[in-house]
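Colleague: Hi! Could you walk me through this one?
Modeller: Happy to, here it is.

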Amino acid sequence: MRWWDIPPVLDLERELFPDDAWSEGMFWSELAHARGPAATRRYVVAEGDGGRIVGYAGLAAAGGLGDVQTIAAARDRWGSGLGARLLTELLRYATDFECQEVLLEVRVDNARAQRLYERFGFAPIGFRRGYYQPGNVDALVMRLTVQDAVQDTVEQSESHG
């Protein structure tokens with residue numbers, strides 16, 4: 001993701017998360033930490049036909065711990081595998097950052113996203129009460145041990161190869 005991607009990402013953000021969308025300033029702040037040798041963030045966008053941004057995702061990393069900051073796919077891309085591709089990219093960055101674990105929060109009422117994370121090996125570890133505001137919706141906190149995920153991917157590749 002680059003600075004010129006922020007306006008179309010914001011449009012998608014507001015469409016998908018009308019009650020708790022990130023602000024333009026939040027995206028600018030995250031991208032400010034995504035460049036240079038001391039970068040602690042990685043943000044990606046997915047483009048569809050005609051260069052339209054159809055998804056985006058971001059990861060923060062520090063001290064061996066990664067945190068999925070955001071991940072979103074346009075509604076017309078749900079079920080297409082785009083979310084899985086975005087999450088795969090974030091986990092690749094987590095490996096680059098030498099993260100041992102990756103955490104994320106997901107709305108307790110978002111079963112579709114929870115299933116995606118479970119397929120990747122994320123397991124529930126707790127809740128954050130009232131995390132999503134202003135709706136006061138709880139977040140399910142999930143964790144992935146990166147080494148386990150890498151091993152699972154290698155084993156799957158070997159069994160299909």
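Modeller: One definition before we start: a patch is made of residues with over 30% relative accessible area and no salt bridge, and nonpolar side chains are joined into one within 5 Å. Also, keep in mind that this is a predicted model.
Colleague: Okay, so which residues form a nonpolar patch on the surface?
Modeller: That patch is formed by W3, W4 and W28, and together they have about 400 Å² of accessible area.
Colleague: Where does W3 sit, and is W3 buried or exposed?
Modeller: W3 lies in the segment before α1, the helix covering 6-16. Its relative accessibility is 52%, so W3 counts as exposed, the cut-off being over 50%.
Colleague: Let's zoom out. How many helices and strands does the protein chain have?
Modeller: There are five helices and six strands. Going along the sequence, they come in the pattern α-α-β-β-β-α-β-α-β-β-α.
Colleague: What about the radius of gyration of the protein chain?
Modeller: The protein chain has 16 Å, and a compact globule with 161 residues would be near 15 Å, so the two agree. The C-alpha trace spans about 40 × 35 × 35 Å along its principal axes.
Colleague: And how much of the chain is buried?
Modeller: Buried residues account for 42% of the 161 residues. As for the outside, the chain exposes about 9100 Å², with carbon and sulfur atoms supplying 49% of that.
Colleague: Which residues touch the most other members in the largest nonpolar core?
Modeller: Those are F27, V68, L87, V102, Y117 and F122, out of 43 residues in that core. Helix α3, residues 82-96, gives the largest share of this core, with eight residues.
Colleague: Pick V68, then. What is V68 in contact with?
Modeller: Setting aside neighbours within four places in sequence, V68 contacts G58, L59, L87, L90, V102, L103 and L104.
Colleague: Switching to the backbone: which peptide bond is cis?
Modeller: The bond from Q133 to P134 is cis, with omega near 15 degrees. P134 is in the loop between β5 (123-132) and β6 (137-145).
Colleague: What else is in the loop between β5 and β6?
Modeller: N136 is found there too. Its phi is positive, near 60 degrees, in a residue other than glycine.
Colleague: And what is phi for E98?
Modeller: E98 has a positive phi of about 60 degrees, although E98 is not a glycine. E98 is in the loop between α3 and β4 (101-107), and at 61% relative accessibility it counts as exposed.
Colleague: Great, thanks!

How values were computed
Residues are numbered from 1 along each chain as its sequence is written. This is a predicted model: local features need pLDDT of at least 70, side-chain atom pairs count only at pLDDT 80 or more; totals for chains, interfaces and linings use all residues. Side-chain values use heavy atoms; hydrogens and water are left out. Patches are made of residues with over 30% relative accessible area and no salt bridge: like charges are joined within 9 Å, nonpolar side chains (Val, Leu, Ile, Met, Phe, Trp, Tyr) within 5 Å. Accessible areas come from the Shrake-Rupley method with a 1.4 Å probe; for residues, only the protein chains shown count as cover. A salt bridge is a side-chain nitrogen of Lys or Arg within 4 Å of a carboxyl oxygen of Asp or Glu. Helices (H or I, at least four residues) and strands (E, at least two) are DSSP runs, numbered from the N terminus. Buried means under 20% relative accessible area, exposed over 50%, partly exposed in between (1.4 Å probe, protein chains only). The radius of gyration is taken over C-alpha atoms; the globule rule is 2.2 Å times the number of residues to the power 0.38. A nonpolar core is a set of buried Ala, Val, Leu, Ile, Met, Phe, Trp, Tyr and Cys residues joined through side-chain atoms within 4.5 Å. Contact means heavy atoms within 4.5 Å.
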